[in-house]
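This report introduces a single protein chain to a reader who has not met it before. Please consult the sequence and the structure shown below while reading.

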Amino acid sequence: MTVAPVSDNVLRTGTEVQLKLSEPLSTKGKKLRVGQHFQLSVLEAVSVGGNVVIPVGSPAVGEITEVRNKGMWGKSGHLTASLLHVSVNGRQIRLNGTFDDKGVTGTAGVVAAVAFVPVVGFFTTGTSAQIDAGTQIKGFVGEDVPLVFAAAQSPKPLEVPVAVPAVQVAAPSAATPTIGSAPNQN
């Protein structure tokens with residue numbers, strides 16, 4: 001059995017991809033849902049062998065995997081999201097990575113309020129989870145991607161037509177002998 005040598009033209013699993021969130025994510029308003037997709041974009045180009053394979057600005061997609069809205073008794077909001085893929089030249093490259101945010105709990109306020117007026121703790125809530133647009137997210141390539149680089153071709157040389165210089169040729173006169181002809185004998 002012959003084993004082919006490992007090629008260096010592969011975008012390897014685990015290669016880091018720096019992304020930024022294109023839209024804010026928040027549990028405020030209770031509109032965020034599990035399974036909801038959101039947009040990101042590539043923040044730094046990813047190169048293999050000196051060739052850019054994932055350019056800056058390439059679109060990426062993530063998905064909300066967990067949502068907990070803020071609630072009574074100081075419960076804070078929480079959201080968890082995972083990265084799905086980045087699109088390059090019509091191809092989706094799978095990404096790995098998760099991130100989350102948790103709002104601030106209002107537990108201390110609840111404990112203090114309950115000590116004086118027990119009903120107040122029922123109305124005290126934590127804060128919503130919030131991740132702003134532009135937030136940097138680190139992801140990783142989730143699959144080996146074989147690459148084929150087009151051979152670099154030198155530009156075709158410019159073809160310039162050679163202009164034939166116009167030479168004034170005088171018509172031979174009867175008095176001027178032409179080369180290769182006998183003198184005029186009249």
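Does His 85 count as buried or exposed? In this predicted model, His 85 counts as buried, because its relative accessibility is 16% and the cut-off for burial is under 20%. His 85 belongs to strand 8. Apart from neighbours within four places in sequence, the residues in contact with His 85 are Pro 59, Ala 60, Val 61, Gln 92, Ile 93, Arg 94 and Leu 95.

**The largest pocket**

The largest pocket holds about 250 Å³ of space. Its lining comprises 15 residues, and those nearest the centre are Val 53, Val 88, Asn 89, Ile 93 and Leu 147. By class, the lining consists of eleven nonpolar residues, three polar residues and one charged residue. The strands in the table each contribute at least two residues to this lining.

| Strand | Residues |
|---|---|
| Strand 6 | residues 51-54 |
| Strand 8 | residues 78-88 |
| Strand 9 | residues 91-96 |
| Strand 13 | residues 145-146 |

Ile 93 thus appears twice in this account: it is in contact with His 85, and it is listed among the residues nearest the centre of the largest pocket.

**The aromatic pair**

The count of aromatic pairs comes to one. The pair is edge-to-face because the planes of the Phe 38 and Phe 99 rings stand at 85 degrees, with the ring centres 5.9 Å apart. The pair joins distant parts of the chain, since Phe 38 lies in strand 4 (residues 37-42) and Phe 99 in strand 10 (residues 98-102), 61 residues apart. Phe 38 and Phe 99 are both buried.

Key: Residues are numbered from 1 along each chain as its sequence is written. This is a predicted model: local features need pLDDT of at least 70, side-chain atom pairs count only at pLDDT 80 or more; totals for chains, interfaces and linings use all residues. Side-chain values use heavy atoms; hydrogens and water are left out. On a 1 Å grid over the protein atoms alone, a cavity is a set of points where a 1.4 Å probe fits but cannot get out, and a pocket is an open set with protein on both sides within 12 Å along at least five of seven lines; lining residues have an atom within 4 Å of a point. Grid points are joined across faces, edges and corners, and a volume is the space filled by probe spheres set on the points. Helices (H or I, at least four residues) and strands (E, at least two) are DSSP runs, numbered from the N terminus. Ala, Val, Leu, Ile, Met, Phe, Trp, Tyr, Cys and Pro count as nonpolar, Asp, Glu, Lys and Arg as charged, and the others, Gly among them, as polar. Buried means under 20% relative accessible area, exposed over 50%, partly exposed in between (1.4 Å probe, protein chains only). Contact means heavy atoms within 4.5 Å. Rings of Phe, Tyr and Trp (its six-membered ring) pair if their centres lie within 6.5 Å; planes under 30 degrees apart count as stacked, over 60 as edge-to-face and the rest as tilted.
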